[in-house]
Amino acid sequence: MKSNRQRRAEIKAKRAKRVMKLTTLRHPRHAFGETPAGSLAADHSALSHNNTYGLLPDYYVDQCFICRDCGAQEVWTAAQQKWWYEVAKGHIDSRAVRCRACRKRIRDRKTAQKRHMEAMAARPRHPNEAFFRRRMRPPAG
Ligand SMILES: [Zn+2]
């Protein structure tokens, strides 16, 4: 028969173990109080825009990811992560999904589209534009 004191100690130890497990799941070395080589320290005050119940990172490490569009393998560096989360104020659950080339392709397409729209808006109007506008309206009823 265990005493209450023994039982309480057991429960406390079990709970501590569970908390440790949850912590190490999200931050592999967090529980050991060390940071991996080549990691960048996180600035929690710069991360305060994240209204999260989860833990904020203490550091960033280079991460490998597969590009969503072309399947290329790319590294999301610790410095890029720090910039994304702390300067650009990216959401803490957001991750890099596209490689540099694919992001550039999307950006170029958007720029071209914007330039086209500006050119269309700046083009000289048709002398009888009101006529065409009326004709293009869908029939009433
Ligand atoms: Zn790609």
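Tyr-60 and Tyr-85 are both buried, where buried means under 20% relative accessible area, exposed over 50% and partly exposed in between, with a 1.4 Å probe and protein chains only. The exercises below start from these two tyrosines.

The model is a predicted one: local features need pLDDT of at least 70, side-chain atom pairs count only at pLDDT 80 or more, and totals for chains, interfaces and linings use all residues. Residues are numbered from 1 along each chain as its sequence is written, and side-chain values use heavy atoms, with hydrogens and water left out.

**Exercise 1. Aromatic rings**

Find how many aromatic pairs the whole structure has, and describe the pair of Tyr-60 and Tyr-85.

Solution.
- Step 1: begin with the rule, by which rings of Phe, Tyr and Trp (its six-membered ring) pair if their centres lie within 6.5 Å; planes under 30 degrees apart are stacked, over 60 edge-to-face, and the rest tilted.
- Step 2: searching the whole structure gives 2 aromatic pairs.
- Step 3: the ring centres of Tyr-60 and Tyr-85 are 5.9 Å apart and the planes are at 15 degrees, so this pair is stacked.
- Step 4: place the partners. Tyr-60 belongs to strand β2 (residues 59-60) and Tyr-85 to helix α2, so the pair ties together parts that are 25 residues apart in sequence. Helices (H or I, at least four residues) and strands (E, at least two) are DSSP runs, numbered from the N terminus.
- Step 5: widen the view to the cluster, in which ring pairs link Tyr-60, Trp-76 and Tyr-85.

**Exercise 2. Salt bridges**

Count the salt bridges, then work through those of Arg-98, Glu-86 and Asp-108.

Solution.
- Step 1: apply the cut-off, a side-chain nitrogen of Lys or Arg within 4 Å of a carboxyl oxygen of Asp or Glu. The structure has 4 such bridges.
- Step 2: Arg-98 pairs with Asp-69, with 2.8 Å between the closest N and O atoms. This pair links distant parts of the chain, 29 residues apart: Arg-98 sits in the loop between α2 and α3 (100-122), and Asp-69 in the loop between β3 (63-66) and β4 (73-76). Arg-98 is partly exposed at a relative accessible area of 25%, and Asp-69 is partly exposed at 45%.
- Step 3: Glu-86 pairs with Lys-82, the closest N and O atoms lying 2.9 Å apart. Both residues are in helix α2, 4 residues apart, about one turn of the helix. Glu-86 is buried at 8% relative accessibility, whereas Lys-82 is partly exposed at 24%.
- Step 4: Asp-108 pairs with Lys-104, again described by its closest N and O atoms, which are 2.8 Å apart. These residues are 4 apart in helix α3, so about one helical turn separates them. Asp-108 is partly exposed at 39%, as is Lys-104 at 44%.

**Exercise 3. The cysteines**

Decide how many disulfides the structure has, and say how Cys-70 and Cys-102 are placed, buried or exposed.

Solution.
- Step 1: take the rule, a pair of cysteine sulfur atoms within 2.5 Å.
- Step 2: the count by this rule is 0 disulfides.
- Step 3: Cys-102 is buried, with a relative accessible area of 1%, while Cys-70 is partly exposed at 44%.

**Exercise 4. A nonpolar patch**

Name the residues that make the nonpolar surface patch, and place Trp-84.

Solution.
- Step 1: recall that patches are made of residues with over 30% relative accessible area and no salt bridge, with like charges joined within 9 Å and nonpolar side chains (Val, Leu, Ile, Met, Phe, Trp, Tyr) within 5 Å. Areas come from the Shrake-Rupley method with a 1.4 Å probe; for residues, only the protein chains shown count as cover.
- Step 2: Trp-83, Trp-84 and Val-87 make a patch of about 330 Å².
- Step 3: Trp-84 is in helix α2 (residues 78-87) and is partly exposed, with a relative accessible area of 33%.

**Exercise 5. The whole chain**

Summarise the secondary structure, burial and contacts of the chain.

Solution.
- Step 1: there are 4 helices and 4 strands, in the order α-β-β-β-β-α-α-α from the N terminus on.
- Step 2: of the 141 residues in the chain, 16% are buried.
- Step 3: a contact means heavy atoms within 4.5 Å. Among contacts with a separation of 6 or more, 47% are between residues 24 or more positions apart.
- Step 4: the accessible surface is about 11900 Å², and 56% of this surface belongs to carbon and sulfur atoms.
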